[in-house]
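Please look over the structure below before reading on. The paragraphs after it go from the ligand site to the charged side chains.

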Amino acid sequence: MPERPVKGKVAIIGAGDVGATTAYALMQSGSVSEIALIDIDHEKAEGEAMDLRHGAAFVKPVDIYAGDYEDAWDADIVVITAGASQKPGETRLELLERNVDIFEDMVPRITEGLNDNAILLVVTNPVDILSYVTWKVSDLPWQRVIGTGTVLDTSRFRNVLSKNCNVDARNIHAYVIGEHGDSEVLVWSATHMAGVPFDDYCPVCEEDCDLQNRELIAEEVRGAAYEIIDRKGATYYAIALAATDIIESVVRNENSILTVSTLMDGQHGVEDVYLSTPTVLNRGGVRRIVDLDLSDSEREQFVESAKVLRSELDKLDI
Ligand code: NAD
């Protein structure tokens, strides 16, 4: 009997904390059959692949190996987690310029022989800027270049609501949009519990909670990464699960709605910048962007968030 064709190949560029943990989450999901780990530190990629492979007996069959850029060419989705980390005394802009240089070198190596259906998923920070850079450098249709955007922040928001409302996070519909960063916007007006608008649910729920102070909640969501980095130096578990959710939506053609970072084309008056808003994702990448009915204040914050990103992009030579 002929062998079944390999289905679901993911290439992960950067086998650091985020790349390796994404491979681990993905391996356990059982939704792909091949994972290539690619890093300039080939030995590190090899070590991670070996360690992961030794769990083979506990998961569905998946081929995990350390590879080179060529191994990304036949992938369904290429996940970019590679990047430089901040040097002592280095400004955010200097770090960004170094990462842009890395991307200008790396992206053409990925796209050189890339198949026509592959999706690029950027995780490296600042994710919205580097997703835009990847789109520009790759010359791919914008629908096929996305960033993890505020998928993680949206999960953090749902977790905070879950704790306060004493309701399973999976039953809470809530979104964080805009920049993955300080200017992100919590969309209270579109938050629902079992189809009930949050503003109607909240006053009658009778839980003892902190939700009266929404700015405090926003600070908890926005400040989450700083709090974790202060304590353990990096974040990687939740982002790995967020990336896995996005990868599954693509590889399994799920048409899931996720707040990935994508190219704006006039949404709420914003264009030519990558940022997050709920987006239908499938095998072709972005199928459509969902137009949220924002309150006036949320719209203003979203436009401000876009301005922050545009001004960062204007500082770059791209
Ligand atoms: P890390 O330093 O542990 O790993 C980065 C890896 O990239 C290293 O192994 C390094 O060797 C590799 N690398 C550097 N240049 C490369 C190149 N040109 N080609 C291939 N590999 C290269 O960092 P990390 O903790 O894994 O974080 C990775 C990125 O993910 C960072 O930018 C971080 O800020 C970002 N991150 C994003 C989110 C999000 O929500 N978007 C969340 C957490 C972390």
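What follows is a walk through the ligand's surroundings and then through a set of salt bridges.

This is a predicted model, in which local features need pLDDT of at least 70 and side-chain atom pairs count only at pLDDT 80 or more, while totals for chains, interfaces and linings use all residues. Residues are numbered from 1 along each chain as its sequence is written, and side-chain values use heavy atoms, with hydrogens and water left out.

The ligand is surrounded by 21 residues, of which Asp 17, Val 18, Asp 39, Tyr 69 and Val 123 come nearest; a residue is near the ligand if one of its heavy atoms lies within 4 Å of it. Sorted by class, this shell holds 10 nonpolar, nine polar and two charged residues, where Ala, Val, Leu, Ile, Met, Phe, Trp, Tyr, Cys and Pro count as nonpolar, Asp, Glu, Lys and Arg as charged, and the others, Gly among them, as polar. Because domain 1 (9-147) and domain 2 (151-313) both give residues to the shell, the ligand lies between them; the domain bounds come from an automatic or database domain assignment.

Which atoms lie 3.0 Å apart where Val 123 meets the ligand? They are a polar backbone atom of Val 123 and a nitrogen atom of the ligand. A backbone N or O atom of Ile 40 lies 3.3 Å from a nitrogen atom of the ligand, and for Thr 148 a polar side-chain atom lies 3.2 Å from a ligand nitrogen. Taken alone the ligand exposes 860 Å², and the protein buries 81% of that, with accessible areas coming from the Shrake-Rupley method with a 1.4 Å probe.

Turning to charged side chains, a salt bridge is a side-chain nitrogen of Lys or Arg within 4 Å of a carboxyl oxygen of Asp or Glu, and by this rule the count comes to 16. Lys 9, Glu 34 and Asp 74 are linked in a network of such bridges.

Arg 214 and Asp 199 meet in a salt bridge at 2.8 Å, N to O. Since Arg 214 lies in helix α7 (residues 214-222) and Asp 199 in helix α6 (residues 198-201), the pair ties together parts that are 15 residues apart in sequence; helices here are DSSP runs of H or I with at least four residues, numbered from the N terminus.

In another salt bridge, the closest N and O atoms of Arg 170 and Asp 168 are 2.8 Å apart. Arg 170 is exposed, at 67% relative accessible area, whereas Asp 168 is partly exposed at 32%; buried means under 20%, exposed over 50%, and partly exposed in between (1.4 Å probe, protein chains only).

Methods:
Polar contact = N/O pair within 3.5 Å; in protein donor to acceptor, adjacent residues only side chain to side chain. Helix = DSSP H or I, 4+ residues; strand = E, 2+ residues; numbered from the N terminus.
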